[in-house]
Amino acid sequence: MSRIGAMRHRLRLEAPQRVADGGGGAEIVWQPVAELWAEIAPASPRDTVRAEKISAEVSHRIALRHRDDVTAAMRFRADDRVFDIVAHYDPDERRRRLVCLVRERITP
């Protein structure tokens, strides 16, 4: 169980929404769902090369108070940092805490 003091990061939970682009297509716009406090802990860093561009990919665990509305399609934002949710689970199945496994992409 995380200490309450460990939840010191202010995050915005965002959900994707498809919006018509006026040309017959659609684009994804990220809508805020909630502002919350969470604990962010690095899990495993690794460097990757994608599309001939070097980017650092760092995986984290984000722990927060339990919420029923979190899905793997959502993401967290902390200022300029974006964390895509890969998976989430209730570690003790008591609906007190939610742990999200996330991927942060840092592109130079």
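Author: Let's start with a definition: helices and strands are DSSP runs, numbered from the N terminus, and a strand has at least two residues. Keep in mind that this is a predicted model.

Reader: Thanks! Where does E93 lie, then?

Author: E93 sits in the loop that joins β5, residues 81-89, to β6, residues 97-106.

Reader: What is the phi of E93?

Author: For E93, phi is positive, about 55°, although this residue is not a glycine.

Reader: Which other residue that is not a glycine has a positive phi, of about 60°?

Author: That is R95. You will find R95 in the loop between β5 and β6 too.

Reader: How do I read exposure? Is E93 buried or exposed?

Author: The idea is to look at relative accessible area: under 20% is buried, over 50% is exposed, and in between is partly exposed. E93 has a value of 70%, so it counts as exposed. R95 has 52%, so R95 is exposed as well.

Reader: Now I'd like to try Y89. Where is it found?

Author: Y89 belongs to strand β5. Its relative accessible area is 37%, so Y89 is partly exposed.

Reader: Which residues does Y89 touch, leaving out those up to four places away in sequence?

Author: Y89 touches R97, L98, V99 and L101. A contact here means heavy atoms within 4.5 Å.

Reader: And how many residues apart along the chain are Y89 and A63?

Author: They are 26 residues apart along the chain, and their C-alpha atoms are separated by 9.8 Å.

Key:
Residues numbered from 1 in each chain as written. Predicted model: local features only at pLDDT ≥ 70, side-chain atom pairs only at ≥ 80, totals over all residues. Heavy atoms only, no water. Helix = DSSP H or I, 4+ residues; strand = E, 2+ residues; numbered from the N terminus. Buried < 20%, exposed > 50% of the residue type's maximum accessible area, 1.4 Å probe, protein only.
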